[in-house]
Amino acid sequence: ITFFKSALELEDAEQAYYSQWLRWGYDDQPPLYTWMQYFVNQVFGVQKISFSLLRATIFASILLAISHIASKILPNKKKSELAVLLLVLLPIFIDFTFRRLSHTSLLCLSIMVTIIIIQRLLHEKTWMNYSLLGLVLSIGILSKYNYILFLVALGCAVFFDTSIRKIVFDRKFLLSVLLMILFLSPHLNWLLGHEGYVLELRQSIAIKTGNSLETKLYVIGPLFSLIVTVFKLIAPLLVVFIVAFAFGKLKFQRPKFDWFTKLALIQFLVLILFFVFMNIQKVEERWLLPLVLPFMIVLLRSVKFNAIQKWSSYLFVVFVSVIVIQTLRTPVEKILNIP
């Protein structure tokens with residue numbers, strides 16, 4: 001990895017090393033992203049274009065997935081466009097997803113594809129859709145273990161929403177569970193084997209979160225870290241909305257309280273409980289991104305824009321400009337020796 005790091009970003013250096021082999025797992029990460037990188041490397045070789053191509057494909061797929069979800073949930077076509085364009089105001093998404101993230105980007109896509117399958121099941125509870133659900137659930141866990149937090153929120157939604165309850169209590173749901181177990185079993189066998197990967201995973205989580213594996217329960221520290229990180233995650237978006245509200249360019253309204261809004265609220269509650277009970281003292285913005293990103297649409301449900309066509313036009317220009325800057329940014333940083 002040290003050899004690869006001399007020419008690549010850390011994430012790419014790790015992938016350059018690990019994607020030399022197909023394994024059921026890679027240290028503290030599930031294998032799906034590295035499998036995908038492996039096959040891309042077989043075509044283009046181990047070089048920067050291979051890592052950029054996979055990342056860009058996932059980035060574009062995230063935009064398409066959000067657009068699809070928004071088109072089904074938001075009645076206004078322009079609001080569906082804003083669901084994508086407003087992502088430019090989430091720095092961690094428009095920067096790290098475009099240039100650096102790997103497993104986290106794939107997790108973002110997995111969660112949104114899961115939501116798309118749920119949307120299909122709300123209208124058609126077919127064997128095919130339940131088969132797709134089982135496949136997507138396993139893909140999510142094989143993307144990044146944080147996906148389990150989304151599954152917990154989805155499971156809790158069963159107790160609060162009739163439409164989700166009908167999906168889970170249908171006898172075809174058993175097919176989803178069986179397929180998920182089937183697809184995950186090789187990786188779980190690897191993870192729970194005698195090599196001690198579970199302990200390694202637990203130690204990795206403790207180091208990343210500042211947990212130190214203590215059993216004492218602290219509330220203030222984890223809550224403060226979570227609140228500060230959420231604010232940093234959405235700060236530019238909040239500033240734009242507050243300024244626009246002050247100048248009468250938008251109004252806030254009560255969102256429709258359906259399964260999607262309930263799932264968003266439950267997801268935030270699950271995050272709070274998880275960070276408190278796990279005693280997590282350090283929270284990174286990228287950890288929250290996959291769990292928060294789909295529910296940008298709930299925010300749009302809560303806002304009524306004046307001159308929405310202008311919002312769409314201006315944000316389109318900003319979005320494209322930022323993408324161009326991000327494309328040029330990495331080589332410029334290399335030339336100027338900016339770390």
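A residue is called exposed here when its relative accessible area is over 50%, buried when that area is under 20%, and partly exposed in between. With those words in hand, the tour can begin; the model on the screen is a predicted one.

Start with the whole chain selected and shown as a cartoon, where you will find 17 helices and two strands. The radius of gyration of the chain is 21 Å, close to the 20 Å that the globule rule gives for 339 residues, so the chain is as compact as a globular protein of that length. If you switch to the C-alpha trace and turn it along its principal axes, it spans about 60 × 60 × 45 Å.

Next, keep the chain selected and colour it by contacts, bearing in mind that, of the contacts with a separation of 6 or more, 78% are accounted for by residues 24 or more positions apart. Then add a surface: the chain exposes about 17400 Å², and carbon and sulfur atoms supply 69% of that area, while buried residues make up 48% of the 339 residues. Colouring by charge brings up 33 positive and 18 negative charges, whose mean positions lie 11 Å apart.

Now select residues 259-277, which form helix 14, a run of 19 residues that reaches 26 Å from its first C-alpha to its last, close to the 27 Å expected at 1.5 Å a residue. Which residues of helix 14 are buried? Show the side chains and look for Trp259, Phe260, Thr261, Lys262, Leu263 and Ala264, and then for Ile266, Gln267, Val270, Leu271, Phe275 and Val276, which are buried in helix 14. Just after this helix, select Asn279, which takes a positive phi of about 55 degrees.

From there, move to the loop between strand 2 (303-305) and helix 17 (308-335), and select Ala307, which has its place in that loop. The phi of Ala307 is near 55 degrees, a positive value in a residue other than glycine. Is Ala307 buried, exposed or partly exposed? With a relative accessible area of 45%, Ala307 is partly exposed.

For the last stop, follow helix 17 to the segment after it, where Asn337 has its place. Asn337 has a positive phi of about 60 degrees, although this residue is not a glycine. The relative accessible area of Asn337 is 67%, and because the cut-off for exposed is over 50%, Asn337 counts as exposed.

Technical notes. Residues are numbered from 1 along each chain as its sequence is written. This is a predicted model: local features need pLDDT of at least 70, side-chain atom pairs count only at pLDDT 80 or more; totals for chains, interfaces and linings use all residues. Side-chain values use heavy atoms; hydrogens and water are left out. Helices (H or I, at least four residues) and strands (E, at least two) are DSSP runs, numbered from the N terminus. The radius of gyration is taken over C-alpha atoms; the globule rule is 2.2 Å times the number of residues to the power 0.38. Buried means under 20% relative accessible area, exposed over 50%, partly exposed in between (1.4 Å probe, protein chains only). Contact means heavy atoms within 4.5 Å. Accessible areas come from the Shrake-Rupley method with a 1.4 Å probe; for residues, only the protein chains shown count as cover. Lys and Arg count as positive and Asp and Glu as negative; His and the chain ends are not counted. The place of a charge is taken as NZ of Lys, CZ of Arg, CG of Asp or CD of Glu. The expected span of a helix is 1.5 Å times one less than its number of residues.
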